[in-house]
Amino acid sequence: MLDDAESQRYSRQTLLFGRDGQERLKKARVFVAGAGGLGSVISFYMAAAGFGKIRIVDCDSVELSNLNRQILHSHADVGRTKARSAYETLTGINPEIEVEAMVETISEDNIGELLRGFHLIMDAMDNFSVRYLLNRAALKRNVPLFHGAISGYQGQATTIIPGRTACLSCLFPRAPPPSTFPALGSTCGVIGSIQVTEAVKYVTGVGELLENRLLLWDGLHVAFDEVAYERNASCKECSDVSRTDRTQ
Ligand SMILES: [Zn+2]
């Protein structure tokens with residue numbers, strides 16, 4: 001149930017999906033992988049929207065070169081852990097929700113424990129090796145993965161629902177080589193906002209999701225494009241999931 005303060009806080013959202021939708025958000029437990037450019041936007045809007053529990057994980061400390069895009073952190077946070085800074089910012093935005101911020105490097109060894117009890121995974125990473133771990137964990141736990149990535153003026157997003165859509169490995173069978181890519185804060189704003197919109201719709205059950213569709217944003221030419229994709233029957237990650245589906 002929403003109390004009086006929550007009813008006021010979310011009054012513009014209950015116009016969209018009712019108190020029932022808001023209560024669903026309140027029950028949702030979200031795992032945000034990364035407190036960088038995308039993670040900042042994602043966790044900001046998820047906290048403001050009233051997702052009941054947010055666990056955000058990042059192993060780094062705030063550097064001056066992060067501040068053009070990582071809006072969770074302020075100038076005074078340089079040198080502090082991103083997790084600490086994220087915790088303070090998010091609880092400042094919305095003290096009604098539960099925030100857990102952890103200094104951790106996401107790995108094969110700890111991902112199971114980190115995700116235990118969480119219903120949604122937000123991909124706010126900057127590399128594909130961890131993205132593949134998130135994808136595998138999403139498939140194993142049967143929870144959705146909201147993918148986003150940016151480089152410079154460009155970004156992309158898609159929504160992966162295990163058993164219903166292709167997985168990240170179907171879409172990207174091979175990781176692009178790791179690199180230091182350019183990053184504009186407002187591109188993180190576009191893509192992170194789309195990921196949160198997807199998560200809100202998934203939880204409240206409204207609208208259409210970016211299922212089996214990769215949305216591409218080109219800020220330089222101000223254009224959205226969309227590429228349809230399908231499950232790869234021989235995908236090394238999700239072919240077991242598809243077999244399970246067929247027998248149900
Ligand atoms: Zn797959």
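Helix axes here are lines fitted to C-alpha atoms over the stretch in contact, and the angles between them run from 0 to 180 degrees between N-to-C directions. With that in hand, the helix pair α2 and α8 is a handy place to start in this predicted model. Helix α2 covers residues 11-27, and it packs against α8 at an angle of about 105 degrees, the two axes lying 9 Å apart. Since angles of 65 to 115 degrees count as roughly perpendicular, α2 is roughly perpendicular to α8. On the α2 side the contact is made by Phe17, Gly21, Arg24 and Leu25, and on the α8 side by Val200, Val203 and Thr204.

Leu25 also turns up in a distance to the other helix. Ala199 sits in helix α8, and its C-alpha atom is 9.4 Å from that of Leu25, with the two positions 174 residues apart along the chain. Ala199 has a relative accessible area of 0%, so it counts as buried. Once residues up to four places away in sequence are set aside, Ala199 touches Met46, Phe51, Leu120, Met122 and Phe146.

Next comes the nonpolar interior. In soluble globular proteins, nonpolar side chains tend to be buried together. The largest nonpolar core here holds 37 residues, and the members touching the most others are Val32, Ile42, Met46, Phe51 and Met122. Helix α8, residues 185-204, supplies the largest share of this core, with 7 residues. Met46 gives a good idea of how the contacts run: leaving out residues up to four places away in sequence, it touches Val30, Val32, Phe51, Ile54, Met122, Val196 and Ala199. Apart from this core lies another one, of 31 residues, with Phe31, Ala137, Cys167 and Cys235 among them.

Those two cysteines lead straight to the metal site. The zinc ion has Cys167, Cys170, Cys235 and Cys238 as its protein donors, each through SG, at 2.2 to 2.3 Å. Angles among the 4 donor atoms run from 95 to 121 degrees, and the site is tetrahedral. Along the chain the donors follow the spacing C-x2-C-x64-C-x2-C. Distant parts of the chain are linked this way: Cys167 belongs to the loop between β6 (154-160) and α7 (168-171), while Cys235, 68 residues apart from it, belongs to the loop between β8 (223-228) and α9 (239-247). Cys167 counts as buried because its relative accessibility is 1%, and Cys235, with a relative accessible area of 3%, is buried too.

Two further residues, one in a loop and one in a strand, are worth a look. Val143 lies in the loop between α6 (128-141) and β5 (145-151), yet it is buried, its relative accessible area being 10%. Neighbours within four places in sequence aside, Val143 is in contact with Phe118, His119, Ile121, Ala138 and Pro162. From Met46 it is 97 residues away along the chain, and 17 Å separate the C-alpha atoms of the two. Met102, in strand β3 (residues 98-102), is partly exposed, with a relative accessible area of 22%. Not counting residues up to four places away in sequence, Met102 touches Arg55, Ile56, Val57, Asp58, Ala83 and Leu114. The C-alpha atoms of Met102 and Gln195 are separated by 21 Å, with the residues 93 places apart along the chain.

That leaves the loops on either side of β7 (213-218) and their backbone. Most residues other than glycine have a negative phi. Asn212 is not a glycine but has a positive phi of about 55 degrees. Asn212 is found in the loop between α8 and β7, and at 23% relative accessibility it counts as partly exposed. Val222, also not a glycine, has a positive phi of about 50 degrees. Val222 is in the loop between β7 and β8 and is exposed, its relative accessible area reaching 63%. His221 has its place in the loop between β7 and β8 as well, and it counts as exposed at 58% relative accessibility. Between His221 and Glu198, 23 residues apart along the chain, the C-alpha separation is 24 Å.

Terms used: Residues are numbered from 1 along each chain as its sequence is written. This is a predicted model: local features need pLDDT of at least 70, side-chain atom pairs count only at pLDDT 80 or more; totals for chains, interfaces and linings use all residues. Side-chain values use heavy atoms; hydrogens and water are left out. Donors are N, O and S atoms within 2.8 Å of the metal (3.2 Å for Na, K and Ca); water is not among the atoms, so sites may look incomplete. Four donors count as tetrahedral if all angles lie between 85 and 135 degrees; four count as square planar and six as octahedral if opposite donors are over 155 degrees apart and all others between 65 and 115; anything else is irregular. Helices (H or I, at least four residues) and strands (E, at least two) are DSSP runs, numbered from the N terminus. Buried means under 20% relative accessible area, exposed over 50%, partly exposed in between (1.4 Å probe, protein chains only). A nonpolar core is a set of buried Ala, Val, Leu, Ile, Met, Phe, Trp, Tyr and Cys residues joined through side-chain atoms within 4.5 Å. Contact means heavy atoms within 4.5 Å. Angles under 35 degrees count as roughly parallel, over 145 as roughly antiparallel, 65 to 115 as roughly perpendicular and the rest as oblique.
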